[in-house]
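Student: I should like to go through this model and ask, for each term applied to it, what justifies the term.
Tutor: Please do; each answer will set a value against a definition.

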Amino acid sequence: MSQAFPQIPFNKPFIVGKELYNIAQSVLNGHISGNGHYTRACSEFLSNLVGGAPVIMTPSCTAALEMALLILDIQPGDEVVLPSFTFVSTANAVVLRGGIPVFCDIREDTFNLDERLLDRCITPKTKAIMPVHYAGQNCDMEAVCGLAAEHGLSVVEDAAQGVGAYDRNRHLGSMGDMACFSFHETKNIMCGEGGALVINRAELQERAEIVQEKGTNRSQFFRGQVDKYTWMEIGSSYLPSELQMAFLYAQLELLEDVTRKRGKAYLVYENGLTDLERQGKLRRPIYLGHNRPNHHMYAVLCRSLAERSELISFLKARNIHAVFHYVPLHNSPAGLKFGKTPYPLTVTEDVADRLLRLPMYYEISEAEQNRVLEGMYDFYRDR
Ligand SMILES: *Cc1c(COP(=O)(O)O)cnc(C)c1O
């Protein structure tokens, strides 16, 4: 069995070029803590990508989200609107400041927050909106930022999955006041654990540096702008090690190649599943026309929770690891304790029951993908 069907994991970490060489360089340079050569290189690369805004490298996207809400000075009782259909870090960042996550529903086509229902979540206590760009597809940022401007709210983009993705000619993460990227092992470009914070509103930059440097003005000191550094504000250590950034820079340099390769893998699933969609057995991903996605994931919608569970087991018996996410936050134990849900999140609950992610990683081969497709067709044959 395991001979005939070698394991196809859901995700697989990979090396594209000079990762290990760069790590050796950072050690030889004698600088492996934060803010060295490779940290600057990553930050400049990402800054160019998003159109010139300053970018602060962080140990994770989770850390970048936490930093963003510290920078915004979210206070106990402040409300922040975000989708329930997201990773827990988006909501934790709010709760860690004593804020209240207010959960909104998603659109049934893109699985991004439903901008048409957003105003139902806004009260006099609302301070910010956190759109999550699902699978590298931009939320309707014109609508989100328009509503934010109307109510005087900040916008923090959770662009964890967005590196290498564009909406028309604008890279994801360039439209909110701040935006957060992830370089976790499961993302397109990765260094095990890593992240970045984009500062699109210039007046937040100084505060961002202080928050990142344990609440001190150490960054200004290193630039020679002050002659000693001291504790200025609340902060923490949000610096990634040079070892991580050395690894990451090697991948960033090959961002276009990585995105292109994933695009090919994406097309294999997309073409391969046409017939199953035509037969009404599943739904393939929907991208609105103005997107230039980064092919972060391939997620289909099954017809029911029961069918999805059976499909996962069926594939697993063939050593193929397909997974679902997210367990909605609004009715989770912590979501009920800390959050608020102004209206029933029917699309979120339905999509969470039926969504299935197929194996997708940089090195996946066409032969492996064909085995996944064969598994899918065999499963649906008599259904
Ligand atoms: C991966 C992910 C995160 C967390 O990223 P880390 O770098 O692991 O902290 C947050 N939000 C979303 C939407 C993600 O996909």
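Student: What makes the pair formed by the ligand and the side chain of Asp158 a polar contact?
Tutor: A polar contact is a pair of N or O atoms within 3.5 Å; within protein, one must be able to donate a hydrogen and the other to accept it, and residues adjacent in sequence count only if both atoms are side-chain atoms. A nitrogen atom of the ligand is 2.8 Å from an N or O atom in the side chain of Asp158, so the pair meets the limit of 3.5 Å. This is a predicted model, in which local features need pLDDT of at least 70 and side-chain atom pairs count only at pLDDT 80 or more, while totals for chains, interfaces and linings use all residues. Residues are numbered from 1 along each chain as its sequence is written, and side-chain values use heavy atoms, with hydrogens and water left out.

Student: Which distances place Ser182 and Lys187 in polar contact with the ligand?
Tutor: For Ser182, a polar side-chain atom lies 2.7 Å from an oxygen atom of the ligand. For Lys187, an N or O atom of the side chain is 3.3 Å from an oxygen atom of the ligand.

Student: How many residues surround the ligand, and what makes a residue count as near?
Tutor: A residue is near if one of its heavy atoms lies within 4 Å of the molecule. The ligand is surrounded by 14 residues, the closest being Thr62, Asp158, Gln161, Ser182 and Lys187.

Student: Why is the pair of Lys340 and Glu79 called a salt bridge?
Tutor: The term requires a side-chain nitrogen of Lys or Arg within 4 Å of a carboxyl oxygen of Asp or Glu. In Lys340 and Glu79 the closest N and O atoms are 2.7 Å apart, so the pair qualifies. Two salt bridges are counted between domain 1 and domain 2, and a search of the whole structure finds 22.

Student: What does the salt bridge of Asp78 and Lys127 tie together?
Tutor: Its closest N and O atoms are 3.2 Å apart. Asp78 lies in the loop between α3 (61-71) and β2 (79-83) and Lys127 in strand β4 (residues 126-129), so the pair ties together parts that are 49 residues apart in sequence. Helices (H or I, at least four residues) and strands (E, at least two) are DSSP runs, numbered from the N terminus.

Student: Where do the two domains run, and how much area do they bury?
Tutor: The domain assignment, automatic or from a database, gives domain 1 (19-252) and domain 2 (255-380). Together they bury about 3700 Å², 57% of it on carbon and sulfur atoms; buried area is the accessible area (1.4 Å probe) that two parts lose on being put together, summed over both. Phe85, Phe103 and Asn188 supply 18% of the area that domain 1 buries against domain 2, more than any other three residues.

Student: What makes the peptide bond before Tyr326 noteworthy, and where is Tyr326 found?
Tutor: A cis peptide bond joins His325 and Tyr326, with omega about -20°. Tyr326 is found in the loop between α11 (305-317) and α12 (333-338).
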